[in-house]
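I sat down with this one to see how its sheet is put together, what packs against it and what surrounds the ligand. Here are my notes, in the order I looked things up.

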Amino acid sequence: MSYDMNNIFAKIIRGEIPSDKVYEDAHVLAFKDIRPQAKVHVLIIPKGPYISSQDFSEKASDVEIVAFNRAIAKVAKAAGVAVTGYRVIANTGPDGRPEVPHYHVHILGGQNMGRMVS
Ligand code: 5GP
């Protein structure tokens with residue numbers, strides 16, 4: 001599977017469609033999810049053309065990977081959930097069933113998220 005340059009997040013990176021930005025640097029963009037599943041729901045994406053978590057981990061440079069992981073903490077602070085806590089999710093591959101084929105993590109918080117696995 002090759003990267004689709006016309007996926008919705010590629011268009012957001014290029015500024016072709018608007019987004020409610022929470023954080024941006026040279027390698028990373030974060031914006032509010034259009035259909036929030038929690039009081040705080042932010043998506044973090046690398047600016048490079050990576051399809052999935054697997055693709056990103058295998059192909060991105062060390063600089064991109066470090067920037068992306070640091071951005072999670074920065075976004076949590078910017079979104080006001082660094083102290084209260086949050087959940088990070090990356091839906092990956094056929095079983096993970098992502099909707100958008102550009103790597104992203106969801107940050108969900110602002111409320112007690114319950115236990116995923118009991
Ligand atoms: P996935 O299911 O791929 O892990 O998550 C994709 C997320 O992108 C969904 O939560 C969905 O609501 C969000 N989304 C889809 N299209 C748009 C859009 O145009 N703008 C924003 N801000 N979020 C979107």
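Before reading off bridge partners, I noted the rule: two strands pair if DSSP finds at least two bridges between them. I also kept in mind that this is a predicted model.

**Entry 1: the sheet.** I started with the strand order. The sheet is open and has five strands, ordered β1-β2-β3-β5-β4, with antiparallel pairing. I then asked why β1 (21–24) and β4 (86–89) each have one side without a neighbour in the sheet. Both stand at the edges with a single partner strand, so one side of each stays free of a sheet neighbour. I looked up the twist too: on average, neighbouring strands here are turned by 20 degrees against each other, direction ignored.

**Entry 2: β2 and its partners.** Next I followed β2, residues 28–32. On one side, β2 meets β3 (residues 40–46) through five bridges, and the two run antiparallel. I picked out two of the facing pairs. V28 has P46 as its bridge partner in β3, and K32 stands opposite V42.

With β1, β2 pairs over three bridges, again in the antiparallel sense. Here I found E24 opposite L29 of β2. How many residues lie between β1 and β2 in their hairpin? I counted three.

Is β2 mostly covered or open? It is mostly covered, as four of its five residues are buried.

**Entry 3: the nonpolar core.** I moved on to the largest nonpolar core, which has 25 residues. The members that touch the most others are A30, V40, V42, I44, V75, A79 and I107. β2, β3, α3 (62–78) and β5 (105–109) each supply at least two residues of this core. Which element gives the most? That is β3, with five residues.

I took a closer look at I44, one of those well-connected members. Setting aside neighbours within four places in sequence, I44 is in contact with V28, A30, A71, I72, V75, H104, V105 and I107.

**Entry 4: the ligand.** Last, I listed what surrounds the ligand: I8, S19, F31, K32, D33, I34, R35, L43, N91, P98, E99 and V100. Sorted by class, this shell holds six nonpolar, two polar and four charged residues. I was pleased to meet K32 again here, having already noted this residue opposite V42 in β3.

Conventions
Residues are numbered from 1 along each chain as its sequence is written. This is a predicted model: local features need pLDDT of at least 70, side-chain atom pairs count only at pLDDT 80 or more; totals for chains, interfaces and linings use all residues. A residue is near a molecule or strand if its C-beta atom, placed from the backbone, lies within 6 Å of it. Ala, Val, Leu, Ile, Met, Phe, Trp, Tyr, Cys and Pro count as nonpolar, Asp, Glu, Lys and Arg as charged, and the others, Gly among them, as polar. Axes are lines fitted to C-alpha atoms, for helices over the stretch in contact, and angles run from 0 to 180 degrees between N-to-C directions. A residue is buried if 20 or more other C-beta atoms lie within 10 Å of its own, exposed if 12 or fewer, and partly exposed in between; C-beta atoms are placed from the backbone. A nonpolar core is a set of buried Ala, Val, Leu, Ile, Met, Phe, Trp, Tyr and Cys residues joined through C-beta atoms within 7 Å. Two residues are in contact if their C-beta atoms, placed from the backbone, lie within 7 Å.
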